[in-house]
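Hi,

Here is the structure I promised to send over. Have a look at it first, and my notes follow below.

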Amino acid sequence: MKKAEFKQPSALFFSFVAFFIIAFCGGYWTQSTNKSIVNQQQSLLSGISRTQASVLERRLSSAFTSAQILAYEVEQNGGSGEWFPNYANKLIESIGGIENLQLAPDGVISDIYPLKGNENAIGFNVISTPGFKEEAMLSVKNHQMFVIGPVALVQGGVAVISRAPIFLHKGTQRELFWGFASAVIYLDNLLEATQLKQLESEGYQYSLSRKHAATKEIIVLSDSVTPLSDIQASTNLILPVGTWTLRISRALDTQLKQRKITGYAISFAVAFLLSLALYAILIQPLKLRKLVKEKTAELQELAYKDPLTGLPNRRFLQDSLPKTLHNNQRRKRISAFIYFDLDNFKRINDTIGHDVGDQVLVIVGDRLNKLKAMSDLVVRLGGDEFGILLGDIGDEKQASEQANRILESIRTPIKMDSREYILSTSLGIAMIPEHGYDLVTIMQNADMALYQAKLKGKNQYAFYTEKMKISTHNLIKAEEDLTLALQRNEFEMYYQPQFNIRTNHVFGAEALIRWNHPEKGVIFPNDFIPLAESTGKIVELGYWVLESSIAYLAKRKQEGRPDILLHINLASEQLSDPHFVALVQELLGKYQVPAHLIGFEITETSILEDIHLARYLLQTLKDMGICIAIDDFGTGYSSLSQLKNLPVDLLKIDRSFVMDLENDPDDRKIVEAIIAMAHKLNIKVLAEGVETREQWKMLAAFQCDFGQGYYVSKAVTADEFNQGSPIIHKD
C-alpha cells in the first residue's frame, strides 16, 4: 500500500490552520493568565485591606469612645470640671492612642489635658468656626457624636477630632445643652500604628476617607502620594461616628501590559515555529523516516548501555558473550570473568546520599575502564555490582594480577567536595571454559567465589573451586533448616544460674538457646548463631528468645515462684532496630512482667559498631528499669574508660580470664584490676566460667559481686532450673 504524502499546497494550508489555532490558544492563555494574576492580586489586596482596617478600627473606636465616656462623666458631675485632669489622665493611659482630651462648655474650649503644647487651643469656638459649624449644629440636634478632620490644629499638627455633645438633665424637660467633650488623635500617630506607610514604600497605594455628616461629601483623611489604581480592594470601618472606608490598591498596568505583549509575541513565535515544523514534516516524509531510523538506533544503543556510568550493561554482556566465547574457543584462548561489588557501599547511600553514591559509581567505572585491555570488557551489572570479562589471558596468574590491580585501584581514596572516601571491593573469579561456558553458570560460579572472598574478610579475591559449590549447597541447606526450625519451633531455652559470691544465693540466670535438630540432635549456639547472622535470621531468632524468656518469667510468677533477674543476649542487629524498644515494652505489657526482672547482655563489639546509637538505646532501656550488662568483657577493643559514659549496670568478665585464675598471676591481676575499676564506676561485676571452689574464693577475695559457671550448674532446662537446689561448696 502506497504511503500518503502531502504535496506543497496541502501542506501549506494545514500549516496556516495550525498557525492560527496555536496563535489563538496562546492569546487566550495570555488573557487567562493576566486575569488570574488580577484575581490573585484582588484577593491579596482584600486581605491586606481587612488587616489594616481592623487595626484602624480598634484604635479609632477606642479613641472616639473616650469622648463619649468624658461626656458621660460631665453629665454625672452636673457640668463641673474639677475632676477633669485626673480623670483625663487615667482615660488616656487606659485607652491609649489619644493625643489629648478637651472640654468645650457652650462650644468654647476651656480645658485640655495635657495642656502643655496645646495652650493655643484654649478659647477656640467649636460652633462658630466655619467648616465645623454645620456638623456641630447637626450633632447637637441629633444628640450624636461627630468627627472632624483632617484638620490643622491651632496648636500645630494635623488631627482627627471626635466631639460628643453633652446635655445636662438628659431625657427630662429641663434638658440643657452644656457643650462638647472632644478626643484628639494625631493622624500621623494613627497611621504609624498600621503598615500603610510601609505598604506604600513597597508599591501599594491607599486612601482613608469618610463622609461629611452634613453634606455627605467624601473627605480623604489620608492617602498615598500615588493615586489609587484600578485593581483595588476596600474595607469599611464601623465606628461610633459612622462608616469610614479604607482602600488599598497596587498598580499592575505596566506589568500586565508587558505580560500581554510578551505572551502575544511568544504565542505568535511558537505558532510560527510549530507551523513551520509541521510544514517541514508534511513535505519531507523521507527525512522523517530517516530521523526515526536514527532515533531507533540510539534507543538500541541505550538498551545496551548503563545510563549512569556509560559502561555496557548486563543485557549487552548476555547478548555478546556467546559470540565472544565462540571466537575464543575457535582460537583456543583462555578467558576469565571477574564478578565484584563495593564493600559496604550501601552505607554511603544511606548516610551521605544517593547523589554522592552515584558519583562514586561513575568514578569507579572510569577507573575500571582505564584498567582493561583491548580484548577485555567492563560491564555494570546493576547497583554497585560490576563485571570484567578478561578476553585473552594465559593462566590464573594473569587473572590474579588483574584482580590485584582492581583492588589497588578501588582502594585509591576518592576526593569529592573536600571529603575523602575510602572504598574496598571483594572479587570472585571464574575461569572460562574451566568453570563454565554459558553466562548463567559463569556468573553463578563467580558469585560463589565472591561470597567466599567476603567470608575471608573482604578486600580480596577468590577463585571458584568445586568445594565452593559443595559448601554453598551445604550453606543453602543449613539456611533452609534454620528457616524451618523457626517455623516448627525446634528451639528451646536453657537457663544457667547466676549467683551472689558473698551470700551463696542464686539471684538470676542467663537465658541460652538450644536447637533440637531432628537429625543432628542438640546444636549449641556457637554452631548456628553465625549462620543466623549471615542470613539475617538473627533478628527473628533474637525476638523469639526475648518473648520466650519473658513468657518464662510470667509463668514463674503464675506458679508462685520467687522473682529472678533473667539476662538475655542481644545481637548487634537488634541494637540497630528502631522498633526494638517498642517491642520490649509491648512484650512486658503483654505478659505483665516488671522491667526490672530482665537484663540485656551486649558484647563490646556490638556497642562499638555504633557507640552513639548504642548509648541512646541502652539509656532508654535502663530508664525503663532494665539491667544493662556488658558480656565477654576484656575480649574486645574497648576499655573501662570507654564504658564510663555508657549506662552499664553489670560487667561480665570473660571466662578466658577466670579459667586460669589459680595458675596465671597475670589473669589474677587483670581480674582484680577490672573489679576494682568497675566498682569505682559503680558497676557490679560478674565472673563467667567459675568451675572450682578455689576460683570462687579468689573472686570473693577480689570483692567480685557475682559468678556464673559449672561449679554451681551448667545451663539447664526450665524444669530443672525451677527445682532450684541450694549451692553446696566442695571444700
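Let's start with one residue: Val-658 sits in helix H21, which covers residues 655–658 (helices are DSSP runs of H or I with at least four residues, strands are E runs of at least two, both numbered from the N terminus). Before going on, note that this is a predicted model, where local features need pLDDT of at least 70, side-chain atom pairs count only at pLDDT 80 or more, and totals for chains, interfaces and linings use all residues. Residues are numbered from 1 along each chain as its sequence is written, and side-chain values use heavy atoms, with hydrogens and water left out.

Is Val-658 buried or exposed? Val-658 is buried, because its relative accessible area is 0% (buried means under 20%, exposed over 50%, partly exposed in between, with a 1.4 Å probe and protein chains only). Not counting neighbours within four places in sequence, Val-658 has contacts that include Ile-653, Ala-687, Glu-688 and Gln-695 (contact means heavy atoms within 4.5 Å). Arg-668 is 10 residues from Val-658 in sequence, and their C-alpha atoms are 8.1 Å apart.

Now for the whole protein. There are 24 helices and 25 strands, and 45% of the 731 residues count as buried. The C-alpha trace spans about 120 × 100 × 45 Å along its principal axes. The radius of gyration is 46 Å, whereas a compact globule of 731 residues would have one near 27 Å (taken over C-alpha atoms; the globule rule is 2.2 Å times the number of residues to the power 0.38). Of the contacts between residues at least 6 apart in sequence, 64% join residues at least 24 apart.

Cheers
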